[in-house]
Amino acid sequence: MPFSKLGLSDPILKAVSDLGYTAPTAIQKQAIPVILSGKDLIAAAQTGTGKTASFVLPLLETLNTERKLRGKRIRALILTPTRELAVQVEASITRYGKYLELSSMAMYGGVDSQPHIQRLIWGIDILVATPGRLLDMAHQRALHFEELEVLVLDEADRMLDMGFIDDINKIIERLPGDRQNLLFSATISDDVRSLAKRTINDAVEISISPNRAAAPKIDQWLITVDKGNKSALLSHLIKEQEWDQALIFIETKHGAAKLVSQLVKRGIKAEAIHGGRTQAVREKILGDFKSGELKFLVATGIAARGIDIYELSRVVNYDLPDQVDDYIHRIGRTGRAGSSGEAISFVSKDNFRNLCAIESRLGHIIVRKEIEGFITKKMVPVSILNYVPKNKRG
Ligand code: AMP
């Protein structure tokens, strides 16, 4: 099915075609007509499925009317868990809306709020914001919601994981009742469902499985490795396999800084982003990584959230995440719509339970590779696929 069958107008179709998209992804095919019809939507879709365009394109279409904006007013609000994701989503709005006259802004904490306040004075069609800063601005009466037409909760599961539920509830209380609601989440957990119940009436529900044919191809494999050997193994792989680029996930800030210095000592240029770095530094590093100038980026899970790099070829779980959802999100950073990618996990004996949980969710065992010179002293057994975590056993 071509994009032209979805009910989008020419300026939007032209922007999409300029980007080289030839056909809508599965989520776009399903979500765009629902959103254009004005209905509420709950969509289970991961990063990498084309979900951003699935709400941004119809949002641009709906808002592209003659209506005049009033000062300090917004017409659509997109809430995201992190500043990086806010910036990414806003960049998509600019790309997809380049032939339209709609205004947009990303607003997030950790930076001076004055520029945001100044821009809000004239009103903004689409505001992308993290919950905390948005609430601050509302308290300061820098913006008002009575003209809001559409609310989007993007990566709702992640916002709840990050403890934004109170802020989200306070924001929703301020919004006009007569609005369209769209909720996107990688997984629809009980908490997400209860948020949806409070926010959304009568929604259409869609679910996109990442394993569908249209989904990106991700080659997952793992290496069992003794903890103390991880950084030597990483350097070895980067050199031996001539990696072009990799996003490397690590658990702690401290670990990230240490790994970068170990890589640098072995002649591999790398940088780290984590919550302890300023916004300006994070943006600079991300920019260098995206342009390809920086090849190896070490990131803690939260800092890496929302990094949207088209055709990122490789992610590495230097530390295997505790949560299965995090694993799924992370591997979704690679093999974005249409391209293929590689997700490599370093697994040591302590990770055995996590590995079982991940492989149970995937429904298959992840291919193990052995690397000469890196044979483990502490064996990691093969997983039990019907593994159920202790706290969930009936
Ligand atoms: P998302 O799931 O929104 O993070 O999007 C993943 C990536 O897929 C982004 O880099 C988009 O630019 C790209 N993308 C979105 N829609 C399409 C499409 N229909 N065809 C090709 N690439 C797309």
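R73 sits in the loop between α3 (51-63) and β2 (74-79). This is a predicted model, and R73 is a good place to start reading it. Is R73 buried or exposed? Its relative accessibility is 13%, so it counts as buried; the cut-off for buried is under 20%.

What does the side chain of R73 meet there? One partner is the side chain of E146, in a polar contact of 2.7 Å. A second partner is a piece of backbone: the oxygen of G71 lies 2.8 Å from a polar atom of the R73 side chain. Now set aside the neighbours within four places in sequence. R73 is then in contact with G123, I124, H144, E146 and E147.

Next, look at the nonpolar interior. The largest nonpolar core has 40 residues. Which residues have the most contacts inside it? They are L41, F55, L57, I78 and F184. Helix α3 gives the most to this core, with seven residues. Another core lies apart from it and has 34 residues, including L79, L135, A138 and L143.

Stay with F184 for a moment. Leave out residues up to four places away in sequence, and F184 still touches I27, I35, L41, A43, K51, S54, F55, V152, L153, D154, E155 and A156. One of these, F55, deserves a second look.

By the rule for ring pairs, the model has three aromatic pairs. F55 and F184 form a tilted one, with 5.0 Å from centre to centre and 45 degrees between the planes. Why does this pair tie together parts that are 129 residues apart in sequence? The reason is where the two rings sit: F55 is in helix α3, and F184 is in strand β6 (residues 180-185). F55 is buried, at 0% relative accessibility. F184 is buried as well, with a relative accessible area of 0%.

Y318 and F346 give another pair. Their ring centres are 5.7 Å apart and their planes meet at 45 degrees, so this pair is tilted. It links distant parts of the chain, 28 residues apart. Y318 belongs to the loop between β12 (314-317) and α14, while F346 belongs to strand β13. Y318 counts as buried at 8% relative accessibility. F346 is buried too, with a relative accessible area of 0%.

Rings can also have a charged residue over them. K369 lies over the face of W221, at 4.2 Å from the ring centre. R95 lies over the face of Y96, at 5.8 Å from the ring centre.

Now turn to helix α15. Why is α15 described as largely enclosed by the rest of the structure? Eight of its 11 residues (residues 352-362) are buried, so the description follows. The buried ones are F352, N354, L355, C356, A357, I358, E359 and L362. What do these buried residues pack against? Their neighbours are β8 (217-224), α14 (324-331), β13 (340-347) and β14 (367-368). F346, met above, lies in that same strand β13. Just after α15 comes G363, with a positive phi of about 80 degrees.

Finally, step back to the whole chain. It is divided into domain 1 (3-208) and domain 2 (212-386). How far apart are the C-alpha centres of domain 1 and domain 2? They lie 29 Å apart.

Methods. Residues are numbered from 1 along each chain as its sequence is written. This is a predicted model: local features need pLDDT of at least 70, side-chain atom pairs count only at pLDDT 80 or more; totals for chains, interfaces and linings use all residues. Side-chain values use heavy atoms; hydrogens and water are left out. Helices (H or I, at least four residues) and strands (E, at least two) are DSSP runs, numbered from the N terminus. Buried means under 20% relative accessible area, exposed over 50%, partly exposed in between (1.4 Å probe, protein chains only). A polar contact is a pair of N or O atoms within 3.5 Å; within protein, one must be able to donate a hydrogen and the other to accept it, and residues adjacent in sequence count only if both atoms are side-chain atoms. Contact means heavy atoms within 4.5 Å. A nonpolar core is a set of buried Ala, Val, Leu, Ile, Met, Phe, Trp, Tyr and Cys residues joined through side-chain atoms within 4.5 Å. Domain bounds come from an automatic or database domain assignment. Rings of Phe, Tyr and Trp (its six-membered ring) pair if their centres lie within 6.5 Å; planes under 30 degrees apart count as stacked, over 60 as edge-to-face and the rest as tilted. A charge sits over a ring if NZ of Lys or CZ of Arg is within 6 Å of the ring centre and within 35 degrees of the ring normal.
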